[in-house]
Amino acid sequence: MKSLYKDIRFRYIIMANVASSIGSGITMIAIPWLLVTSENGNEVFGYVAICMTIINFILTPFLGYLIDKVSRKRMMVNSKIVSLIALVLFSAVGFIGMDYELWHYIMIYMIGSLYYTIFYPTMFALNQELFCKNQFKVLNGLMEVQGQLSSMIAGAIASILLLKWDLHYILVLDVGTYALAIYFFVKVPYVRNQVVKTDERKVSASSSVTMSFIKRNPGMFLLLIASSLPFISVMLSNYLFPVYLADVLKVEGNIYGIQGMVYGLGAVLAGIIVPFAARKFGDEKLIASSMILYTMAIAFIVYMPIPGYLSMMLFIAIGNSGARVARNAFMMDRIPNEIIGRVDGLLRAVGLLLRIVLLALFTGLVSIGQILLCFSIMTGLLVIASTYVVIFSRKRIPLVEREIVKV
């Protein structure tokens, strides 16, 4: 851990992520709330979420290929610059005295969604490229703590700003944090590893290398798909929870902000505990136990009043973040960096396909007032996935050699 803190690359990455996570976190709390509280906002938000999931599904394999082929640092910086320019334009709408309309909210949400689609897999591959294998568990734990502390701060600020500030001021805050993040990322010392020579004319080799790796490790691939269910559930909950709070519990927007803060606290606890627990019990067992905790919390949360709801949110955060930290360390240990973008991209594409189907189903159910049925379906899927992971976690999957993969 000390070696990580002394590494200037890690310090710049942490500072960049904190800056951008707080700004984008505030905006991505505010926009869904503004959408669902608009006229016909529940259905519109659902259809927008479906649309963005489809777009992300189409883009993800291509992004995985790019992550393996171009400078990951350049991808991070360029995505932030594009997002910054777009947010400047939308903040100008408010400053010139125009009223924000539904399509403004939709476009801002789409920009944020696309940014996250690029950011997370690129950051994941960049971290694996920059740091050593014996640092992966601590690295993923610290990244989770950083991300969730930022979410806690964003949730606390959003719970106040949603009641006090107009949207254009919130967007300006986001622009400032993106500018700061760009500065820190530019400062990261980085030279792209040129470990293999590629024939760019053979684009089909990209998919063949990925499929070859998966065929050699089918059990690992199925484990990674099943263990992604908590994260998929969280993405679906980003649609369901605002609707549930607004329509069923009938609370104000500040409760949604407090929910984000409580979730961040639970995720921070997971980020601290899981790396140490993984050394004793192994990544697979930590994934399984985290999934069980998450599943139980999702099953009970809709039967709770506000205090109980927020308590269950703490366990949801611990379960999801615990599974993700252990899963990320598991992947970094077992998937060569030369193909991590493509393998991760395929896993994300499968997850996005499942999200498309479930979002379409849930949007229809919400439109007829059946939001509790949505949570029941989600719980059932999590029970199935958790059962598979528990059974499979009893088998110790050996580390895959970090061989050079020629494409």
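## Worked exercises on helices, pockets and aromatic pairs

Thr117 is buried, at a relative accessible area of 14%. That value, like everything below, comes from a predicted model.

**Exercise 1. Work out where Thr117 sits and which residues it touches, leaving aside its neighbours within four places in sequence.**

Step 1: find the element. Thr117 belongs to helix 5.

Step 2: check the burial. The cut-off for buried is under 20% relative accessible area, and Thr117 comes in at 14%, so it counts as buried.

Step 3: list the contacts. Once neighbours within four places in sequence are set aside, Thr117 is in contact with Asn56, Thr60 and Leu63.

Step 4: zoom out to the helix. Helix 5 is mostly covered, with 22 of its 29 residues buried.

**Exercise 2. Test whether the span of helix 5 agrees with its 29 residues at 1.5 Å a residue.**

Step 1: get the expected span. Take 1.5 Å times one less than the number of residues; for the 29 residues of helix 5 that should give 42 Å.

Step 2: compare. The end C-alpha atoms of helix 5 are 42 Å apart, so the two values agree.

Step 3: try helix 15 (residues 371-393) in the same way. Its 23 residues should span 33 Å, and its end C-alpha atoms are 33 Å apart, so this one agrees too.

**Exercise 3. Describe the second largest pocket and the second largest cavity through their linings.**

Step 1: start with the pocket. It holds about 230 Å³ of space and has 14 lining residues, with Asn78, Ser79, Val82, Ser83 and Ile118 nearest its centre. Helix 4 (72-95) and helix 5 (102-130) are the elements that give two or more residues to this lining. Helix 4 gives the most, seven residues.

Step 2: sort the pocket lining by type. There are nine nonpolar residues, four polar and one charged.

Step 3: move to the cavity. The structure has five cavities of 30 Å³ or more, and the second largest has a volume of about 80 Å³. Its lining includes Ser24, Ser83, Tyr115, Tyr116, Asp174 and Tyr178.

Step 4: assign the cavity lining to elements. Helix 2 (8-36), helix 4, helix 5 and helix 7 (167-187) each supply at least two residues, and helix 5 has the largest share, five. By type, the cavity lining splits into seven nonpolar, four polar and one charged.

Step 5: look at the tyrosines again. Tyr115, Tyr116 and Tyr178 belong to one aromatic cluster that also takes in Phe119 and Tyr120.

**Exercise 4. Find what the buried residues of helix 15 pack against, and follow Phe375 to its aromatic partner.**

Step 1: pick out the buried residues. In helix 15 they include Ile371, Cys374, Phe375, Met378 and Leu382.

Step 2: name the packing partners. The buried residues of helix 15 pack against helix 9 (218-226), helix 10 (229-249), helix 12 (283-301) and helix 14.

Step 3: look for the ring pair. Of the structure's 16 aromatic pairs, one joins Phe241 and Phe375, with 5.6 Å centre to centre and 35° between the planes, which makes it tilted. This pair links distant parts of the chain, as Phe241 in helix 10 and Phe375 in helix 15 are 134 residues apart.

Step 4: check burial. Phe241 has a relative accessible area of 4% and Phe375 has 2%; Phe241 is therefore buried, and so is Phe375.

Conventions:
Residues are numbered from 1 along each chain as its sequence is written. This is a predicted model: local features need pLDDT of at least 70, side-chain atom pairs count only at pLDDT 80 or more; totals for chains, interfaces and linings use all residues. Side-chain values use heavy atoms; hydrogens and water are left out. On a 1 Å grid over the protein atoms alone, a cavity is a set of points where a 1.4 Å probe fits but cannot get out, and a pocket is an open set with protein on both sides within 12 Å along at least five of seven lines; lining residues have an atom within 4 Å of a point. Grid points are joined across faces, edges and corners, and a volume is the space filled by probe spheres set on the points. Ala, Val, Leu, Ile, Met, Phe, Trp, Tyr, Cys and Pro count as nonpolar, Asp, Glu, Lys and Arg as charged, and the others, Gly among them, as polar. Buried means under 20% relative accessible area, exposed over 50%, partly exposed in between (1.4 Å probe, protein chains only). Contact means heavy atoms within 4.5 Å. Rings of Phe, Tyr and Trp (its six-membered ring) pair if their centres lie within 6.5 Å; planes under 30 degrees apart count as stacked, over 60 as edge-to-face and the rest as tilted.
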